[in-house]
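These are notes for a colleague who will be looking at the coordinates. They take up the protein surface beside one DNA strand and then a small sheet.

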Number of protein chains: 2
Amino acid sequence: MAYGTALTVLADPTRRQVFERLRDGPRPVNAIAAGLPVSRPAVSQHLKVLKDAGLVEEHSEGARRIYALRREGLAELREWLDGFWDDALLAFKIEAERSHRQMKGKTDE
Amino acid sequence: MAYGTALTVLADPTRRQVFERLRDGPRPVNAIAAGLPVSRPAVSQHLKVLKDAGLVEEHSEGARRIYALRREGLAELREWLDGFWDDALLAFKIEAERSHRQMKGKTDE
DNA sequence: CCGTTCCGTAAGCCATGACTTACCGTAAGT
DNA sequence: ACTTACGGTAAGTCATGGCTTACGGAACGG
């Protein structure tokens, strides 16, 4: 149940910011922490949690640690979410809605 | 940023159990709480949180409150997740895999 | 009515975890 | 070697929130 891990880990707003900052590409801790409302060690701790959860990966480049996104870490969470639309037809409808945001169907709401 | 709300709310394991129990259809609080490792009031509290987050909806039937899943509450979270695959081609592949998996009804793990 | 079932709310306890500061090792520049 | 950037780890503080028990009100059956 790694989707549970992903949910737990991404629940924290600060940690989510850290994670989202990696969207645009790998970065050293420095660059990630810059501008964030918390101290640099706090960011380090968040990165550790993210890494343990398989959501980021890290490699050293000299003195710096470069962190990068691991999209596969989100896979199980995605599948779990998809599981809520288990009917194929309904799933299709959802997909369509997502694609072009226009549904005049009979759905409530 | 309602996806943040959804993440926060679904991060708790017990609350997630409550939520998942509604997958098979609407249920009164009674039925939801049965078998869970926490007290009935705890379940009520979780349901309130879920409702405030737009993840479930509630209507009264006599003395009982019936709770039901609101899949739309997951929409933003889904979109946020999808946003991590911003390359159109890659996104398409993911969609295809998702559809495929659902058609087959095959569960992996 | 009276008891029972249903469930939401209040109050309080307690563990979890997100921060801080302080410190340490390592890498590179001079 | 000395120094300066980089960043992980330790220890301790404090707020958050998930749980419990206790209670109260609403609906239904007898």
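How do the residues of the surface near DNA strand D divide into nonpolar, polar and charged?

1. In this predicted model, the residues of that surface comprise nine that are nonpolar, eight that are polar and six that are charged. DNA strand D is surrounded by 23 residues, and the closest of them are A:Asn30, A:Arg40, A:Ser44, B:Ser39 and B:His46. Of the atoms of DNA strand D that come within 4 Å of the protein, 66% belong to sugar and phosphate.

2. Both chains contribute secondary-structure elements to the surface near DNA strand D, with at least two residues each from α3 (29-33), α4 (40-52) and β3 (64-69) of chain A and from α2 (13-21) and α4 (40-52) of chain B. The most is given by α4(A), which supplies five residues.

3. Some polar contacts can be assigned to particular parts of the DNA. The side chain of A:Arg40 places an N or O atom 2.8 Å from a base nitrogen of DNA strand D, while B:Gln45 has a polar side-chain atom 3.0 Å from a base oxygen of that strand. For B:Thr14, the partner of a polar side-chain atom is a phosphate oxygen of DNA strand D, at 2.9 Å.

4. Chain B also contains an open sheet of three strands, ordered β1-β3-β2 and paired antiparallel. Because β1 (27-28) and β2 (56-61) of chain B are edge strands with a single partner strand each, one side of each has no neighbour in the sheet. Between β2(B) and the antiparallel β3 (residues 64-69) of chain B there are six bridges, and B:Glu58 stands opposite B:Tyr67 of β3(B).

Note on methods: Residues numbered from 1 in each chain as written. Chains lettered and ligands numbered in written order. Predicted model: local features only at pLDDT ≥ 70, side-chain atom pairs only at ≥ 80, totals over all residues. Heavy atoms only, no water. Pairing = 2+ DSSP bridges. Helix = DSSP H or I, 4+ residues; strand = E, 2+ residues; numbered from the N terminus. Near = heavy atom within 4 Å. Polar contact = N/O pair within 3.5 Å; in protein donor to acceptor, adjacent residues only side chain to side chain. Nonpolar A, V, L, I, M, F, W, Y, C, P; charged D, E, K, R; others polar.
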